[in-house]
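Student: I should like to learn how strand pairing and burial are read from a model. Could we work through a case together?
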Amino acid sequence: MMIPRTLLVVAGPFGERLGAERVGALIARGLAAGGWESEPFPLAFAADGRADVRALLDRLGFDARMRASRAIVLAHSSLREETLAGSAAFEIATRARQAGVPAFAVTAENRLDSFDARILDLQAILQARSARTLQAAGLELARLI
């Protein structure tokens with residue numbers, strides 16, 4: 001069985017200057033430098049509409065795209081236990097865990113304790129705040145994966 005060489009990058013905005021598309025592109029650039037192809041997955045991490053996260057993922061064909069990928073890279077500006085329940089980040093990490101697809105995270109602020117990170121089954125959580133460090137995080141992920 002051939003192992004896919006493509007990673008699914010699901011990115012949210014990291015503030016006003018680093019929109020979701022730019023965050024995903026910077027991480028993808030680092031991954032490419034490390035020899036990985038990546039596919040962006042268009043999903044906003046807006047707090048509103050949390051009840052529709054599952055329906056949105058289903059509508060966008062997330063599960064099929066996730067299973068066709070070697071791993072998921074979840075870029076979310078802040079990972080905090082109190083904001084994860086019901087969020088897109090939590091739903092994506094849960095689906096990846098249930099499907100046996102490794103999930104990695106890039107965040108500007110990691111406020112998860114080791115128990116929460118283990119529950120989400122995140123293989124690694126890298127911190128990055130700027131364009132330069134987001135690209136560097138992509139390169140580091142390429143080495144880890």
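Student: In which sense do strand 1 and strand 2 pair, and over how many bridges?

Tutor: In this predicted model, strand 1 pairs with strand 2 (residues 37-41) in the parallel sense, and five bridges link them. Among the partners, Thr6 is matched with Glu37 of strand 2.

Student: What unit do strand 1, helix 1 and strand 2 make?

Tutor: Together with helix 1 (residues 20-33), the two strands form a β-α-β unit, and this unit is right-handed.

Student: How does strand 1 pair with strand 3?

Tutor: Strand 3 (residues 71-75) is parallel to strand 1, again with five bridges. Val9 has Val73 as its bridge partner in strand 3, and Ala11 has Ala75.

Student: Which residue of strand 5 is the bridge partner of Ala75?

Tutor: That partner is Val106. Strand 3 and strand 5 (residues 103-107) run parallel and are joined by four bridges. Ala75 thus has a bridge partner in strand 5 as well as being the partner of Ala11.

Student: How should side-chain directions along a strand be read, and which residues of strand 3 point each way?

Tutor: In a regular strand, side chains alternate between the two faces of the sheet. In strand 3, Ala71, Val73 and Ala75 point one way, whereas Ile72 and Leu74 point the other way.

Student: Why is strand 3 described as largely enclosed?

Tutor: Buried means under 20% relative accessible area. Five of the five residues of strand 3 are buried, so the rest of the structure largely encloses this strand.

Student: How many residues of strand 1 are buried?

Tutor: Strand 1 (residues 6-11) is mostly covered, with five of its six residues buried.

Key:
Residues are numbered from 1 along each chain as its sequence is written. This is a predicted model: local features need pLDDT of at least 70, side-chain atom pairs count only at pLDDT 80 or more; totals for chains, interfaces and linings use all residues. Side-chain values use heavy atoms; hydrogens and water are left out. Buried means under 20% relative accessible area, exposed over 50%, partly exposed in between (1.4 Å probe, protein chains only). Two strands pair if DSSP finds at least two bridges between them. A crossover is right-handed if, with the strands pointing away from the viewer, the path from the first strand over the helix to the second runs clockwise.
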